[in-house]
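Subject: The structure we talked about

Hi,

Here is the structure for you to open alongside this email. Below it I have put together my notes on what turned up.

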Amino acid sequence: MVAAMTLQAPRHEYRDYAELLDDYYARGWTDGLPVVPPTPDAVSVFLDAAGLAGDEVIGAVPTREVTVTAEHVAINAVMAGCRAEYMPVVVAAVRAHLHEKANCHSTTGTLSGAAQMVVINGPVRAALDVNCRAGCFGPGWRANATIGRALRLVIRNACRAIPNFLDRGSFSTPARYSFCFGEDEEGSPWTPLHVERGFAPGTSAVTVHSTMTTVSATDLVSRTPEGIADTIVSTMRRQGTAGDRWLGDGTNVLLVMGPEHRRYFVEAGWSKDDLRSYLWPRLKEPAGPGERLVKVGHPEGLLLAAAGGPGMAETWIFFPHLAWAITESITGPDHRRMT
């Protein structure tokens, strides 16, 4: 185990939990909700679970002169309420968010209040009980809630994205508390998101997507792939995207399709690539009245994930904000890819 005495963070002592909580809140270290005290022993256990030394660099935000270490990540993962075994997933999510093309500086400081989505793929979903089906965007699952919250606390406490300081969101969004779910790989024959992005089947990975605008393409009538896809196109064309010039063609729109829509594509033998091939030329047609262009550089920029539960016939569309979606492998304490 990594010894607690190797930790670099200043230590604070409190009479009781209530005093700790009040002081953490006063110092701006919480998201407004209670936190788990990050004791040296707990932080050391989390570092050990990921096989990391506290001073190992996970990423940086050069424009803020910020360097994020494994110790920073472990402290915030403890505070978020994670279990120690979640730590490799949190580390992968932080690495993804701090990738140059994920653009931490803009996505966490923007007036529009972009949220960071965390999508988990691979066997780690079952091992950690990550919800991929009914209610997967909402509360009730510890892994979903705390992994997403841990990333947001790192963004706040290590990356300095504090409201009214470097976080300049005019309204912000509840998704900035936590937004994490898994792809329903067992409920769909489609190629999983991380495999489409170059990772081996049977491995685990996390994709982080900074999203500003979310809209549901709801279609309760269509019973064909073409009909549902046309509804997705018209919904996307009404919304459009601003386009990110300095990021070039690498921006992404993420579509999360529920089972009520997905079954018509599966029954007709459509793959994710078939759906992209149908969507792409229709999204690139000249904009008509009331329409906007969807500025994604290539078909592979349309990311597709299967998730959600039965009932509503809808596909959720998450438009980007000044960033690429980045996928990172989840590695265990032996630094091997988790399976």
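Let me begin with Tyr24, which has a relative accessibility of 7% and therefore counts as buried, since the cut-off for that is under 20%. Before going further, please keep in mind that this is a predicted model.

Tyr24 has two aromatic partners worth a look. With Trp29 it forms an edge-to-face pair, with 4.9 Å from centre to centre and 85° between the planes. Trp29 itself is partly exposed, at 24% relative accessibility. The other partner is Tyr14. Across the protein chain, the count of aromatic pairs comes to 11. In the pair of Tyr14 and Tyr24, the ring centres are 6.1 Å apart and the planes meet at 70°; planes over 60 degrees apart count as edge-to-face, so this pair belongs to that class. Tyr14 sits in the segment before helix H1 (17–27) and Tyr24 in helix H1 itself, with their positions 10 residues apart in the sequence. Tyr14 is partly exposed, with a relative accessible area of 22%.

Elsewhere there is an aromatic cluster, and you may like to colour it: Phe137, Phe179, Phe181, Trp316 and Phe318 belong to it together.

Now for the overall picture. The protein chain has 11 helices and 9 strands. Its radius of gyration is 20 Å, close to the 20 Å that the globule rule gives for 339 residues, so the chain is as compact as a globular protein of that length. Along the principal axes, the C-alpha atoms fill a box of roughly 60 × 40 × 35 Å. Of the 339 residues, 53% are buried. If you take the contacts between residues at least 6 apart in sequence, 80% of them join residues at least 24 apart.

On the surface side, the protein chain exposes about 14900 Å², and carbon and sulfur atoms supply 54% of that area. As for charge, there are 31 positive and 36 negative charges, and their mean positions are 4 Å apart.

Helix H2 (residues 40–50) gives a good view of the interior. Its buried residues are Val43, Ser44, Phe46, Leu47, Ala49 and Ala50. Which helices help to cover the buried residues of H2? Helix H3 (70–80) and helix H4 (87–97) are included in that cover. Just after H2 comes Gly51, with a positive phi of about 65°.

Two residues other than glycine also have a positive phi, and both are in loops. One is Asp129, with phi near 60°. Asp129 lies in the loop between helix H6 (124–128) and H7, and is exposed at a relative accessible area of 51%. The other is Ser172, where phi is near 65°. Ser172 belongs to the loop between H7 and S4 and is partly exposed, at 33%.

That loop, between helix H7 (142–157) and strand S4 (180–182), also holds Pro174. Pro174 is exposed, with 65% relative accessibility. What separates the C-alpha atoms of Pro174 and Leu33 in space? The distance is 12 Å, although the two residues are 141 apart along the chain.

Happy to go through any of this with you at the screen.

Best wishes

Note on methods: Residues numbered from 1 in each chain as written. Predicted model: local features only at pLDDT ≥ 70, side-chain atom pairs only at ≥ 80, totals over all residues. Heavy atoms only, no water. Helix = DSSP H or I, 4+ residues; strand = E, 2+ residues; numbered from the N terminus. Rg over C-alpha atoms; globule rule 2.2 N^0.38 Å. Buried < 20%, exposed > 50% of the residue type's maximum accessible area, 1.4 Å probe, protein only. Contact = heavy atoms within 4.5 Å. Areas by Shrake-Rupley, 256 points an atom, 1.4 Å probe, with all protein chains shown as cover. Lys, Arg positive; Asp, Glu negative; His and termini not counted. Charge placed at Lys NZ, Arg CZ, Asp CG, Glu CD. Phe/Tyr/Trp six-rings, centres within 6.5 Å; stacked < 30°, edge-to-face > 60°.
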